Amino acid sequence: MKRDDLSRRDLLAGSGLFVFFPVEPLAAFQEPARLPSRQGYPTDFNAYLRIGADGRVTCLVGKVELGQGAKTSLAQLLAEELDVALEAVDMVMGDTDVCPWDMGTFGSLSIRQFGPVLRGAGAEARAVLLQLAAEHLQAPAGRLQVKAGVVSDPSAQGKRVTYAQLVQGKRIERRLEKVPVKPVSAFTVVGRSPRRKDALEKVTGRARYAGDMGLPGTLHARILRPPAHGATLKDVDTSAAEKVPGARVVRDGDLIAVLHERPDLADRALELIKVKAQFVAPQPTVDDKTIFDHLLKAAPPGRVVAESGSLPEGEKLAATIVEETYLNSYVAHAPMETHSAVAMIEDGKVTVWAGTQTPFPVKQQVAQALGLAPEKVRVVTPYVGGGFGGKSASRQAIEAARLAKITGKPVQVVFDRSEEFFYDTFRPAAVVKIRAGLTGAGKMILWDYAVYCAGDREAKQFYDIPHQRTLSAGGWSGGSTPGLHPFAVGPWRAPSVNTNTFARESHIDILATKVGADPVEFRLSHLTDKRMRRVLEAAAKQFGWKPARTPSGRGVGVACAIYLGTYVATMAEVAVAKSTGRVEVKRVVCAQDEGVIVNPDGSRQQIEGSITMGLGYALTEEVRFKDGEVLERNFDTYELPRFSWLPKIETVLVENPEVPAQGCGEPPIVTMGAVVANAIYDAVGARLLQLPMTPARIQEAVKRG
Amino acid sequence: MQRTISFTLNGKPARVTVDDERMLLWVLRYDLGLTGTKFGCGAGLCGACTVIVGQEAVRSCSTPVKDVAGKQVLTIEGLSQQGRLHPIQEAFLKHHAFQCGYCTSGMILNAYALLLKTARPSRAEIIRHMDDHLCRCGSHVRIVEAIQEAAGARQGGAR
């Protein structure tokens, strides 16, 4: 369905007809398709840190804690540069009134992009404090030592002053330019794995999420939702709900909500509205089977992402051509915490506690929705119960704010699981077409790659192939092409790269099989990139990879990827039951080079998490839908990875102190589709070209042979 | 039906006068202010809302409060005693057996129920017992390790 049609119908229908747009105008507030290399962060170091009279250091960052451990790793960076004890650092994250601006927590940027900013602030503050100490102690700054926030003069016993004494709880006014950060070799806090700063709160249930804010008198809002994207509300009778004692019904444009001090009673009142709501079904559009043809037809024109050599030349030199089409379905973020927010208005100022990855953009959105100046809006981000890209869009925060304004009371909006699936900004369904050529000597000579609707991030391949071109048509960032997707799509952990890696690494394996080469040796013979060779060799060593032609019947596979500066090689061992199509992933080895490692245990956690989560999109996760109706509404049909799926996971952190710290929360997940597909092929000789690799698809591939 | 329900909550007597069909999850969170118990799916499919009733792990999102009348209810808030973490909490903390933390209360309490019945569960028993608890961050590996360690610690402590 085209959005234009809907708008027209909305105008024609007149009052009483509410239209639910199939695609929300969220794109502008999500992770951008191309990540900016530098951000407009404040230059004054006071924006990032405060030293209290008690000696405790408050670190202020616009990033949020989604579970990825930024609360700890960012504190490590500041403690390192400032020379204070990690335990003395208190983190304040994602509060738009007190924290410095940030675009959002996504793209594995907290360490890679924001890390240098925070380190710079810490280093400058330390240098200023050292100067102040030199004046205070009447000793040359060069002679002074700093440890845990205490400056001392080693040549004069007892001559010491603390940061707290120097600052006296005030803002530091002095500035210094071009203060260098510490060299990696001098790190004492970075590179360690301290206890996570959120650990105690999370194991005791004291960690608070947006839905836990519990202001007195809070009304719980339940909102009437359409049965399908594109459905229009024809008629509704809210009178029965209005009679529920304590319930309040609100109608404000497209927003029909019932509010109650008790969430269960709000729910019951909403049921009374639901049975009296008549919707006009959307026009038939696409479903999860027809979507791929639709995407190929409706995708915008392709754009050349990378090109070298000449495709006609490659065609000429190729002795064998291998062509395939790879598909992947829509996938949900499905964080355990659904989208949650509480909004309160006091003296004309709105405060919204929101489970969001983008507090600063949400502030703008709330201001816009309420017609307020941005300074009249404060977004506070408590702990977020998982994001994975899905909480870049934060519709619930705007709804809570609108309802708080209308009712004059604090309002909580917590999506139920059905709403969470319905309004999710899914990872887009996508198609990749690859035409590759091999010389008579078994070398890759041609690579003609086109990705539709996944996005171009890391679409360019990194093997040595003389004649190659990479095309990308359409991206994952929201409604850039109206009518392309039947609902909102958006960034999903390592956006576009799961799709691109599945296709590329599957195809490389097919080519290796074609020439009768071992998949690891085939890769190495086309790799000059030293970092990639190192991670691949490290993974092979840990895995105990023994070269063989595929399919070898052993069920082992490999896949490599680069994600925004981080290098990954993953190997897996699977067992496939041919009769049922069931796969057991028995073992996964992942080697990663993320540059300087800020927190080794945190990195391992992210790798383990990526591998486990990645099993889902590899094996079961796909959003079924028809004509704008999302058929997945809870975990009974949408199957997430479980304990019983657990492979033995081994992580290898490949040290690389020469490269600054890169992201580590997303890279390993991108290899999971291909590594499992390649291992399945090695086990049973059946090539899976579509994700997820469900038992039915595996059985089908086995039959096809 | 609105009525007064009495039960023992984290070792102390509790009385609420509520619709007795209200789910225990909402009573805990909004009548009693104990927010450590989380809403995840509302259908007993994810385990985020797990609490202990008697000796069993139950899904509080699907348990009407009338079902706990006269019973012992334990939530995450009641697990540590006199400021000392329970060995399962200690093990989750040591192994960093969580990321976002949203499923953690339910995971810990379900593990608690397992160890009540089986002091020294095998890895396979742990996996079987935990299998209908969901974690999206992928902390499973560490959760299993933490439960194994807690079981060992408990055993050691009893000797």
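Here are some exercises with worked solutions on a predicted model that has a chain A and a chain B.

**Exercise 1. Getting to know chain B**

Task: Find how many helices and strands chain B has, and in what order the elements run.

Solution:
- Step 1. Count the elements: chain B has 5 helices and 5 strands.
- Step 2. Start at the N terminus and read along; the order is β-β-α-β-β-β-α-α-α-α.
- Step 3. Look at the extent of the chain: along its principal axes, the C-alpha trace of chain B spans about 45 × 35 × 25 Å.
- Step 4. Now check the radius of gyration. A compact globule of 159 residues would have a value near 15 Å, and chain B has 15 Å, so the two agree.

**Exercise 2. The domains of chain B**

Task: Work out which elements of domain 1 of chain B give two or more residues to the side that touches domain 2 of chain B.

Solution:
- Step 1. Mark the domains: in the domain assignment, domain 1 of chain B covers 2-78 and domain 2 covers 87-158.
- Step 2. Place them in space; their C-alpha centres lie 21 Å apart.
- Step 3. Turn to the contact, where 14 residues of domain 1 of chain B meet 13 residues of domain 2 of chain B.
- Step 4. Pick out the elements on the domain 1 side: β3 (50-53) and β4 (56-59) of chain B each give two or more residues. The largest share, 3 residues, comes from β3(B).
- Step 5. Sort the residues on this side of domain 1 by class, and you get 7 nonpolar, 5 polar and 2 charged.

**Exercise 3. Where the two chains meet**

Task: Describe the side of chain B that touches chain A, by elements and by class.

Solution:
- Step 1. Take the totals: 43 residues of chain B are in contact with 49 residues of chain A.
- Step 2. List the elements of chain B that give two or more residues to this side. They are α1 (24-31), α2 (87-95), α3 (104-117), α4 (123-130) and α5 (140-158).
- Step 3. Divide the chain B side by class: 24 nonpolar, 15 polar and 4 charged residues.

**Exercise 4. A pair of helices in chain A**

Task: Describe how α2(A) and α3(A) pack, and find what else these helices touch.

Solution:
- Step 1. Recall which quantities you need: two packed helices are described by the angle between their axes and the distance between the axes.
- Step 2. Apply this to α2 (residues 70-82) and α3 (residues 109-137) of chain A: the angle is about 30 degrees and the axes are 7 Å apart. The crossing is right-handed.
- Step 3. Find residues at the contact. Among them are L74(A), L77(A) and L78(A) from α2(A), and I111(A), L118(A) and A123(A) from α3(A).
- Step 4. Classify the contact residues: 9 are nonpolar, 4 polar and 3 charged.
- Step 5. Zoom out to the domains. Chain A is divided into domain 1 (45-203), domain 2 (210-280 + 345-414) and domain 3 (291-331 + 425-704). The C-alpha centres of domains 1 and 3 of chain A are 39 Å apart.
- Step 6. Look at their contact: 17 residues of domain 1 of chain A are in contact with 19 residues of domain 3 of chain A. On the domain 1 side, α2 and α3 of chain A each supply at least two residues. By class, that side has 6 nonpolar, 10 polar and 1 charged residues.

**Exercise 5. Strands in chain A**

Task: Trace the open sheet of 6 strands in chain A, then decide whether β23(A) runs parallel or antiparallel to β24(A).

Solution:
- Step 1. Write the order of the sheet: β13-β21-β20-β19-β14-β28, with mixed pairing.
- Step 2. Find the edges, β13 (303-308) and β28 (690-691) of chain A, each of which pairs on one side only.
- Step 3. Inspect one edge: β14 (residues 320-328) of chain A and β28(A) run parallel and are joined by 2 bridges. Here N328(A) stands opposite L691(A).
- Step 4. Add the helix on the sheet. Helix α13 (residues 497-514) of chain A touches β14, β19, β20 and β28 of chain A, and its direction makes about 150 degrees with that of β14(A).
- Step 5. Move on to β23 (residues 566-577) and β24 (residues 582-593) of chain A: 11 bridges join them, and they run antiparallel. A577(A) stands opposite R582(A).
- Step 6. Look between these strands: the hairpin has 4 residues there, and G581(A) takes a positive phi near 80 degrees.
- Step 7. Follow β24(A) to its parallel partner β27 (residues 648-653) of chain A, to which 6 bridges join it. In this pair, R587(A) has K648(A) as its bridge partner.

How values were computed:
Residues are numbered from 1 along each chain as its sequence is written. Chains are lettered from A and ligands numbered from 1 in the order in which they are written. This is a predicted model: local features need pLDDT of at least 70, side-chain atom pairs count only at pLDDT 80 or more; totals for chains, interfaces and linings use all residues. Axes are lines fitted to C-alpha atoms, for helices over the stretch in contact, and angles run from 0 to 180 degrees between N-to-C directions. A crossing is left-handed if the near helix is turned anticlockwise from the far one by less than a right angle, and right-handed if clockwise. Two residues are in contact if their C-beta atoms, placed from the backbone, lie within 7 Å. Ala, Val, Leu, Ile, Met, Phe, Trp, Tyr, Cys and Pro count as nonpolar, Asp, Glu, Lys and Arg as charged, and the others, Gly among them, as polar. Domain bounds come from an automatic or database domain assignment. Two strands pair if DSSP finds at least two bridges between them. The radius of gyration is taken over C-alpha atoms; the globule rule is 2.2 Å times the number of residues to the power 0.38.
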